[in-house]
Amino acid sequence: MKNKVLVTGGTGFLGMRIISELLKEGYEVRTTLRALSNKHKVLETMQQHEISTEKLSFIEADLSKDDNWEQAMDECLYVLSVASPVFFDIPKDEQAVIKPAIEGIQRILKFANQSGVKRVVMTSNFGAVGFSNKDKQSITTEANWTNEQEAGLSAYEKSKLLAEKAAWAFINKDDTQLEFATINPVAIFGPSLDGHISGSFHLISNLISGEMKRVPHIPLNVVDVRDVAKMHVLAMTKPEANGKRFIASADGQIALPEIAQLLKDQRPALSEKVSVQTVPNFILTFSALFNKQAKEGKLLLEMNRNVSNQQAKTVLGWTPIANQEEAILNAVDSMKQYDLI
């Protein structure tokens, strides 16, 4: 009888949290690792947090190869596709990021479909949803899609967008029996189970280190990793979730200067170097004419941040564990705990 849940990318910041959520709820979990030698990291982390690993197993599989994916799917009712291709440096050619992302999700869906998996839940990204909606009087929902040609769209965001589009194209083929849903998180913060963190945390380290000497007026949407993990589990089992996308975001928005002030007010011992000086918008806009990073910042400045999480609340019955401020401060505390700041 099929009863397992396969989670790809078990050592990641989000993957680890999803595994812990599933084990606490009594699921039998198998997770893929690019090298089985890393399984001790997952086992030790779960045990440190007093989570039983009796129902946890491992298999070596890589998104870039067919090897072991058939065995990975064996007896699995659900697949949570969390892992992304790993790059230690962003390649100069964006296709070096985009192609592996597309091929990775297509590989997972192909083997899941062949193996009789019931449902796949894909970790996509808000970059696939809301980066082209610049009408700040509107509300961004799951009906929105980012334009893949959007000026200032990073290679990472573009890869997530095109990978999700490829996934829906696969699902909509006549010979595909899979149920499918996506989770589209905004910037993920919250507490880490170990020293592994998400890319969003670099924003905090840049503020705390003083590297960001002047803070741009860029608004953000943020979410706690525990909320993203819970949303994956709900989207896995709720019949109504099939065929839907779910934006994972705490309520509201928070601008970078507000985050800087939050750190100064709530974590003063860590915030001596945090700048409260701001950058006028026109400087960022002008710099975008010459600088790729500034162009990405300009897009973040222009895009609509009135983001709805209503679909997750209504369809999944999800309610956020943490608000924006709690998610950010929990991330700071984790970075301090694991000597990352």
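Helices and strands, as named in these legends, are DSSP runs numbered from the N terminus, with at least four residues for a helix and at least two for a strand. The structure shown is a predicted model.

**Figure 1. Glu50 in the loop between helix H2 and strand E3**. Helix H2 (39-48) and strand E3 (56-60) flank the loop that holds Glu50. Although Glu50 is not a glycine, its phi is positive, at about 60 degrees. The relative accessibility of Glu50 is 77%, so the residue counts as exposed, the cut-off for exposed being over 50%.

**Figure 2. Asn68 in the loop between strand E3 and helix H3**. Asn68 lies after E3 and before helix H3 (69-73), in the loop between them. This residue, also not a glycine, has a positive phi of about 75 degrees. Asn68 counts as partly exposed because its relative accessibility is 30%, between the limits of 20% and 50%.

**Figure 3. Packing of helix H1 against helix H7**. Helix H1 (residues 13-24) packs on helix H7 (residues 225-237) at an angle of about 55 degrees, and the two axes are 9 Å apart. H1 and H7 are therefore oblique to each other, and their crossing is right-handed. On the H1 side the contact is made by Phe13, Leu14, Arg17, Ile18, Glu21 and Leu22. These meet Val225, Arg226, Val228, Ala229, Lys230, His232, Val233 and Met236 in H7. The contact of H1 with H7 comprises nine nonpolar, one polar and four charged residues.

**Figure 4. Packing of helix H6 against helix H12**. The axes of helix H6 (residues 201-208) and helix H12 (residues 324-337) cross at roughly 75 degrees and come within 10 Å. The crossing angle therefore makes H6 roughly perpendicular to H12. Phe201, Ile204, Ser205 and Ile208 in H6 are in contact with Ile328, Ala331, Val332 and Met335 in H12. Seven of the residues in the contact of H6 with H12 are nonpolar, one is polar and none is charged.

**Figure 5. The largest nonpolar core and the surroundings of Leu316**. The largest nonpolar core has 77 residues, and those with the most contacts inside it are Val7, Leu22, Leu80, Phe189, Phe246 and Leu316. Helix H7 gives the most to this core, with eight residues. Leaving aside neighbours within four places in sequence, Leu316 is in contact with Met231, Leu234, Ala235, Lys238, Ala241, Phe246 and Gln311. A second core, separate from the largest one, has 25 residues, among them Leu63, Ile108, Phe111 and Phe180.

Key: Residues numbered from 1 in each chain as written. Predicted model: local features only at pLDDT ≥ 70, side-chain atom pairs only at ≥ 80, totals over all residues. Heavy atoms only, no water. Axes fitted to C-alpha atoms, helices over the stretch in contact; angles between N-to-C directions. Parallel < 35°, antiparallel > 145°, perpendicular 65-115°, else oblique. Left-handed = near helix turned anticlockwise from the far one by under 90°. Contact = heavy atoms within 4.5 Å. Nonpolar A, V, L, I, M, F, W, Y, C, P; charged D, E, K, R; others polar. Buried < 20%, exposed > 50% of the residue type's maximum accessible area, 1.4 Å probe, protein only. Core = buried A, V, L, I, M, F, W, Y, C linked by side-chain atoms within 4.5 Å.
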